[in-house]
Amino acid sequence: MSTTSRHRMKSLAVIDKCQVEIVDLKGSYSRSAGSKWAAILDGTELCRVEEFAARHFRRSGFEAVFLESAPFQVLFGVYFWSVIQDRCDRRVRMVGILDRHAYDQRRRPSEVIWIRLPSDFGSPDYSRRRAKAITKHLSAIAETTAELLELFDDWLAPSVGLRQYLWGHRQESIETARKLIELIPPVTLKTVLGYLVLNYWEHRSGWPDLLVYRANQWFLAEVKSWSDKLNENQNRWIENNHRYLHLPFKLVQVHRMQSMSALPT
């Protein structure tokens with residue numbers, strides 16, 4: 001059996017075991033010359049599969065924004081900077097990172113930013129070593145959405161160094177993080193933060209493509225084309241979500257309606 005076949009069978013097993021709701025869509029695919037991604041024709045316009053799914057939900061009365069891991073990196077950086085960068089932690093030392101904003105602009109030379117960071121940050125050993133401080137911090141975080149939003153705004157500036165390290169620095173990610181706070185019940189948000197700190201480097205990846213919401217309803221959605229499959233990180237996130245997080249989640253599969261010839265460059 002090929003590696004691709006094994007991955008596909010594992011994905012199907014995870015979807016079935018975790019009782020994932022599947023949204024089936026159909027689209028006309030085309031591959032532009034020189035492009036590595038398959039495009040779908042939406043009306044007279046070509047778009048990526050994630051945008052195609054987002055447009056479907058918007059036409060159904062939802063708002064849909066692109067998600068993945070960055071907004072959760074923002075949330076973690078904002079709400080956990082004081083614990084991660086605690087001066088009393090004996091393993092905290094100064095480390096230099098390149099300015100992420102300069103990197104994004106590419107035209108600016110990247111300057112080194114110095115931040116405090118534990119030597120074992122992001123590992124299971126860190127969460128075990130700092131278990132008491134983590135538990136105390138999570139129990140002290142605000143209990144209402146309004147308080148969480150106020151705390152988010154207050155801690156956005158002092159968390160900037162850690163957020164740059166985590167790649168949680170972009171404005172669009174910050175705005176999506178605020179929307180998540182508005183939508184997710186506070187107790188669930190704390191569960192997400194606890195999940196991330198437990199094993200950050202493993203749990204930071206695999207988050208779904210879209211945040212879909214309207215009044216009194218929201219869910220996360222992973223979008224796959226007809227030929228795509230869930231990767232290891234996505235399979236792990238689905239399993240962990242089923243076991244621990246219990247976030248509303250759907251898998252969107254965009255099936256091939258017909259094949260179109262490649263477009264000229």
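# Exercises on cores and rings

In the largest nonpolar core, which counts 57 residues, the members that touch the most other members are L75, F76, Y79, F80, F152, W207 and W237. The exercises below concern a predicted model.

**Exercise 1.** Determine which helix gives the most to this core, and which residues F80 is in contact with once its neighbours within four places in sequence are left aside.

*Solution.* Begin with the helix: α3, which spans residues 70-84, gives the most to the core, contributing nine residues. Turn next to F80, which, leaving aside neighbours within four places in sequence, is in contact with I134, H137, L138, L162, L193 and V197. Finally, a second core, separate from this one, has 19 residues, among them I40, A54, V223 and V254.

**Exercise 2.** Count the aromatic pairs, then classify the pair formed by F57 and F219 and locate its two partners.

*Solution.* The count comes to 19 aromatic pairs. For F57 and F219, the centre-to-centre distance is 5.4 Å and the angle between the planes is 75 degrees, and the pair is edge-to-face. As to location, F57 belongs to helix α2 (residues 49-59) and F219 to strand β8 (residues 217-225), and the pair links distant parts of the chain, 162 residues apart. Both F57 and F219 are buried.

**Exercise 3.** Explain why the pair of W207 and W237 is tilted, and state which parts the pair ties together.

*Solution.* The ring centres of W207 and W237 lie 5.4 Å apart and their planes stand at 55 degrees; planes under 30 degrees apart would count as stacked and those over 60 as edge-to-face, so this pair is tilted. Because W207 lies in the loop between α11 (200-203) and β7 (210-214), while W237 lies in helix α12 (residues 232-245), the pair ties together parts that are 30 residues apart in sequence. W207 and W237 are both buried.

**Exercise 4.** Identify the residues that ring pairs link into a cluster, and find which rings have K250 and R256 over them.

*Solution.* The cluster linked by ring pairs consists of F76, F80, F121, Y126, Y165, Y200 and W201. The charged end of K250 is placed over the ring of F219, at 4.2 Å from the ring's centre. R256, in turn, lies over the face of W226, 3.7 Å from the centre of that ring.

**Exercise 5.** State how many disulfides a search of the whole structure finds, and decide whether C47 and C88 are buried or exposed.

*Solution.* The search of the whole structure finds zero disulfides. C47 has a relative accessible area of 5% and is therefore buried, whereas C88, with a relative accessible area of 72%, is exposed.

Terms used
Residues numbered from 1 in each chain as written. Predicted model: local features only at pLDDT ≥ 70, side-chain atom pairs only at ≥ 80, totals over all residues. Heavy atoms only, no water. Phe/Tyr/Trp six-rings, centres within 6.5 Å; stacked < 30°, edge-to-face > 60°. Helix = DSSP H or I, 4+ residues; strand = E, 2+ residues; numbered from the N terminus. Buried < 20%, exposed > 50% of the residue type's maximum accessible area, 1.4 Å probe, protein only. Lys NZ or Arg CZ within 6 Å of the ring centre and 35° of its normal. Disulfide = S-S within 2.5 Å. Core = buried A, V, L, I, M, F, W, Y, C linked by side-chain atoms within 4.5 Å. Contact = heavy atoms within 4.5 Å.
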